[in-house]
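Trainee: Got a minute to go through this one with me?
Mentor: Sure, put it up.

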Amino acid sequence: MKKTLKFAALLLGIFTMICMTSCKKDNEDLIIGKWNVTSLTADNMTMNPSQMGMTMTWEFKNDNTGEMVMVMNLMGQQMNETSSFNYTIDGDKIQFKLDGENAIATIKTLDKKSLEFEVSGFDEEAGTMMNGIISCERM
């Protein structure tokens with residue numbers, strides 16, 4: 001009986017390890033590509049970038065680098081801002097290094113069509129923690 005329990009525990013351990021590795025790999029593979037931001041939520045307020053005359057995209061590349069591009073129309077003048085970032089994925093966590101700042105995001109949803117992640121990080125200028133949810137659709 002003890003041998004059966006040990007064998008079952010070993011199988012469960014192997015199965016768990018395979019699932020954890022598979023989930024990590026799935027997130028790494030699924031996130032690759034270009035994502036259009038459909039909504040931003042911060043301080044219990046949700047904004048739709050397109051309703052504000054703005055587009056925002058995140059592009060995650062195979063080499064763990066990416067770009068966040070924001071295009072705004074202010075008083076008839078178009079302004080573009082591009083920020084490069086590095087990232088690593090561990091399970092449902094994304095570690096970002098963006099413009100010299102570190103941030104950690106938790107993946108809430110990730111499939112072939114949609115990405116939603118919650119970002120938290122310390123805002124050095126404001127001296128406070130910042131939290132927000134970014135919802136995206138694949139381009």
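Mentor: Let's talk about the aromatic rings and then a charged patch.

Mentor: It's a predicted model, so local features need pLDDT of at least 70, side-chain atom pairs count only at pLDDT 80 or more, and totals for chains, interfaces and linings use all residues. Residues are numbered from 1 along each chain as its sequence is written, and side-chain values use heavy atoms, with hydrogens and water left out.

Trainee: OK, how many aromatic pairs are there?
Mentor: The count comes to 10, where rings of Phe, Tyr and Trp (its six-membered ring) pair if their centres lie within 6.5 Å; planes under 30 degrees apart are stacked, over 60 edge-to-face, the rest tilted. Trp58 and Phe60 make a stacked one, at 6.2 Å centre to centre and 15° between the planes.

Trainee: Are those two buried or exposed?
Mentor: Both Trp58 and Phe60 are buried (under 20% relative accessible area; exposed is over 50%, partly exposed in between, with a 1.4 Å probe and protein chains only).

Trainee: Which strands do Trp58 and Phe96 lie in?
Mentor: Trp58 is in S3 (residues 54–60) and Phe96 in S6 (residues 93–98), so their pair ties together parts 38 residues apart in sequence. Strands here are DSSP runs (E, at least two residues), numbered from the N terminus. The Trp58–Phe96 pair is tilted, with 5.5 Å between centres and 55° between planes.

Trainee: Which residues form the aromatic cluster?
Mentor: Trp58, Phe60, Phe85, Tyr87, Phe96 and Phe117.

Trainee: Switching topic, where is Glu81 found?
Mentor: In strand S5, residues 77–90. Glu81 is partly exposed, with a relative accessible area of 40%.

How values were computed: Helices (H or I, at least four residues) and strands (E, at least two) are DSSP runs, numbered from the N terminus.
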